[in-house]
Amino acid sequence: MFFLLGLLFACLVPGALYADAAPEGGVSSRIDYSIIANRAEAQAIDAIEQGRMKEGLAFMRYALDLDPSAFRTLNYASVLFAEGASEFDRGSKTLGHKLLKEAENQLSRAIADFDPQEHAVFVAHAYFLLGEIYLHGFSDPGLAQDFYYRSIQYHDNEPSRKAVEGIRRGIK
Amino acid sequence: MKKIIAILCLGVFLAGCGKSAQEQAGGGNDQQRQEAAKKLFAQSMIFLQEKNLKASVDSLKASIALDPSDPNPYLVLGQLLIKAEEFDNAAQFLENTAKTFPDNGTVYYMLSVANRMAGNKLPSVLAARRSYEIFSAAGDQVNARTSAALLEEMIKEAQAAEEASKKASAGALKAAEELVLGDQKK
């Protein structure tokens, strides 16, 4: 079990359930679907907690399509990461790789969408997950270390520090 | 696209038929039906993710038929109708849904959105206000703020439209005056 799944679920952003729920005033043609996106995300978390990952992912994807905030993107990426890790553990390398690649795409999108000052903790977590993906999924400790360093630059991310120490000692 | 719209429109006729669907499904174990309906709803999400809209809508309809007391499949069907730009059908569908769930703020919020998109200003404002009232009464400040923001947007839109109308009227009046004055000078 090389992935820190427990940590992952602890890091699901509860605040994301309400992210962007109160838009600033002003005339806008964009429909604010955050109310039903929040419901869908709550159902996703419920499904995931009950071990129904595929359903959880589908609910998360729906929520993200309705209301593509950085928080939701990070949550979706986190679940993709967890599911990709599980597939690796189950020996389904191809599917695991595909899910991790999608998690990587979503993490990059989340990092681009977050305000790096205001949401440094979340940016750091996103870089940490990228490090995990590259270290354990794509077997690239060099690039993984780079992501862990970036994570630490944004916030004192303990798991990233430990991962860097592990790489230095040659431990995965 | 027409096929998709036709499928979605079928969903419209299902709304408001909750009781008869319940009666049709009656006799079975309520809890089992609710569980099966939840599974169908979750399956509809998976179909959506796979971009299989027809299968998703079928699952949503089946979920509603099994358990008409869960508002979630109705909300997703309503949202899909709006996404398909079937605004009148969406408004009608959600209007019926609101009758089934008169105390659900999210249903009224979606009804407001559908009416707004359909150009039904007054029903849209009334539904947003109802949504705000329900969320506020439930102490759900986050969703109440979202409903209030929708209401505020619509008020601003109405003010902007009124302003534009006033300007257009003033312009027309001025043009008419110039025309009359010009005729008198002649």
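This is a short exchange on the interface of chain A with chain B and on two backbone features.

User: What kind of model is this, and how are residues and chains labelled?

Analyst: It is a predicted model: local features need pLDDT of at least 70, side-chain atom pairs count only at pLDDT 80 or more, and totals for chains, interfaces and linings use all residues. Residues are numbered from 1 along each chain as its sequence is written, chains are lettered from A and ligands numbered from 1 in the order written, and side-chain values use heavy atoms, with hydrogens and water left out.

User: How many residues of chain A and chain B are in contact?

Analyst: Contact means heavy atoms within 4.5 Å. On that basis, 26 residues of chain A touch 31 residues of chain B.

User: How many salt bridges are counted between chain A and chain B?

Analyst: A salt bridge needs a side-chain nitrogen of Lys or Arg within 4 Å of a carboxyl oxygen of Asp or Glu. The count between chain A and chain B is zero.

User: Why is Lys51(B) called exposed?

Analyst: Exposed means over 50% relative accessible area, buried under 20%, partly exposed in between (1.4 Å probe, protein chains only). Lys51(B) has 75% relative accessibility, so it counts as exposed.

User: What is the phi of Lys51(B), and where is its place?

Analyst: Lys51(B) is not a glycine, yet its phi is positive, about 60 degrees. Its place is the loop between helix H3 (30-49) and helix H4 (53-66) of chain B. Helices are DSSP runs (H or I, at least four residues), numbered from the N terminus.

User: What is the phi of Ser139(A)?

Analyst: Ser139(A), also not a glycine, has a positive phi of about 50 degrees. The loop between helix H6 (120-137) and helix H7 (141-154) of chain A holds Ser139(A).

Methods. Helices (H or I, at least four residues) and strands (E, at least two) are DSSP runs, numbered from the N terminus.
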